[in-house]
Amino acid sequence: MAWDEWEQLKAQAAEGQSAHMRLNHVDGGGGPYGPYVVPGKTGDLKVGHEDLVKIGSAAHHLYDQLWDKARVATPSSDSAAGDLSKQGFALGTGLQHVSSRWEAQLKSLMDACAQISNHMQVTKTVHANDDNYIQRLMSSIDVLDAGFDERAGAPGEANNYGKKDKGDKEG
């Protein structure tokens, strides 16, 4: 690339980022309902207890299968690695490294399966409690908001709390 081509590309890039380009608004997004989606109109995310039980059971089953079947090769691999190393083969060290990495990755996967299984057992209750808390919190905001909507005058006009009528004399 020639120097003048480089300068031309830099100038074009600078034009695209110049100060005369402005963002006057942000698209609200959210599709036909606008930026705020009301769950009553669009539907709530629902996960039944049976669905959570199935996921938890599948994770537990996978954990059991990994324990029973994926660990079978570890003792024989470790034994072979030790024998190869004793005989002076460098392959023994490599095989031991692979076996150790396999064991570490297997433990990590089994831990993940156990966490998923345990998490699915408590998720329904936790989310139900969160939903109830949010509902209570939001309903208390409505009550509080209604208390601030006591107007003495028409909307848009100044409220005249504490002011006297024209006929009253100030003392």
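Helices, designated H or I in DSSP and comprising at least four residues, and strands, designated E and comprising at least two, are taken as DSSP runs and numbered from the N terminus. On this basis, the order of elements along the sequence is α-α-α-α-α. The model under consideration is predicted. Five helices and zero strands are present in the protein. Of its 171 residues, 11% are classed as buried. The exposed surface of the protein amounts to about 14600 Å², of which carbon and sulfur atoms contribute 57%. Among contacts with a separation of 6 or more, 54% join residues that lie 24 or more positions apart.

The geometry of helix α3 was examined next. With 22 residues at 1.5 Å a residue, α3 should span 32 Å, and the distance of 30 Å between its end C-alpha atoms agrees with this expectation. Five residues of α3 are buried, namely L52, G56, A59, L66 and A70. Viewed down the helix axis, these buried residues fall within an arc of 105°, and they therefore line one face of α3. The other side of the helix carries the exposed residues E50, K54, D68 and K69.

Two of the buried residues of α3, L66 and A70, also belong to the largest nonpolar core, in which they are joined by L106, M110 and C113. This core consists of five residues. Helices α3 (49-70) and α5 (91-147) are the elements that each give two or more residues to the core, and α5 provides the largest share, with three residues. In soluble globular proteins, nonpolar side chains tend to be buried together. For the core residue C113, contacts beyond four places in sequence are made with A59, L62, Y63 and L66.

Two serine residues of α5 were also considered. S117 is located in helix α5, and its relative accessible area of 6% falls under the 20% limit for burial, so the residue counts as buried. When neighbours within four places in sequence are set aside, S117 is in contact with G56, A59 and H60. Of these partners, G56 and A59 are among the buried residues of α3, and A59 is also touched by C113. S99 is likewise situated in helix α5. This residue is buried, its relative accessible area being 6%. With residues up to four places away in sequence excluded, the contacts of S99 are with T74, S77 and D78.

Charged side chains were then analysed. Side chains of opposite charge can pair when their charged atoms come close. Two salt bridges are found in the structure. One of them joins the side chains of E7 and K10, with an N to O distance of 3.6 Å. Both residues belong to helix α1 (residues 3-16), where a spacing of three residues separates them by about one turn of the helix. E7 is partly exposed, at 32% relative accessibility, and K10 is also partly exposed, with a relative accessible area of 40%.

The other salt bridge is formed by R71 and E103, whose closest N and O atoms are 3.9 Å apart. Because R71 lies in the loop between α3 and α4 (73-86) while E103 lies in helix α5, the pair ties together parts that are 32 residues apart in sequence. The partners fall into separate accessibility classes: R71 is partly exposed at 31% relative accessibility, whereas E103 is buried with a relative accessible area of 17%.

The surroundings of R71 were considered further. Apart from residues up to four places away in sequence, R71 touches L66, E103 and L106. Two of these contacts, L66 and L106, are members of the largest nonpolar core, while E103 is the salt-bridge partner of R71. The C-alpha atoms of R71 and K107 are separated by 9.8 Å in space, although the two residues are 36 positions apart in sequence.

Notes:
Residues are numbered from 1 along each chain as its sequence is written. This is a predicted model: local features need pLDDT of at least 70, side-chain atom pairs count only at pLDDT 80 or more; totals for chains, interfaces and linings use all residues. Side-chain values use heavy atoms; hydrogens and water are left out. A nonpolar core is a set of buried Ala, Val, Leu, Ile, Met, Phe, Trp, Tyr and Cys residues joined through side-chain atoms within 4.5 Å. Buried means under 20% relative accessible area, exposed over 50%, partly exposed in between (1.4 Å probe, protein chains only). Contact means heavy atoms within 4.5 Å. The expected span of a helix is 1.5 Å times one less than its number of residues. The arc is that of the directions from the helix axis to the C-beta atoms. A salt bridge is a side-chain nitrogen of Lys or Arg within 4 Å of a carboxyl oxygen of Asp or Glu. Accessible areas come from the Shrake-Rupley method with a 1.4 Å probe; for residues, only the protein chains shown count as cover.
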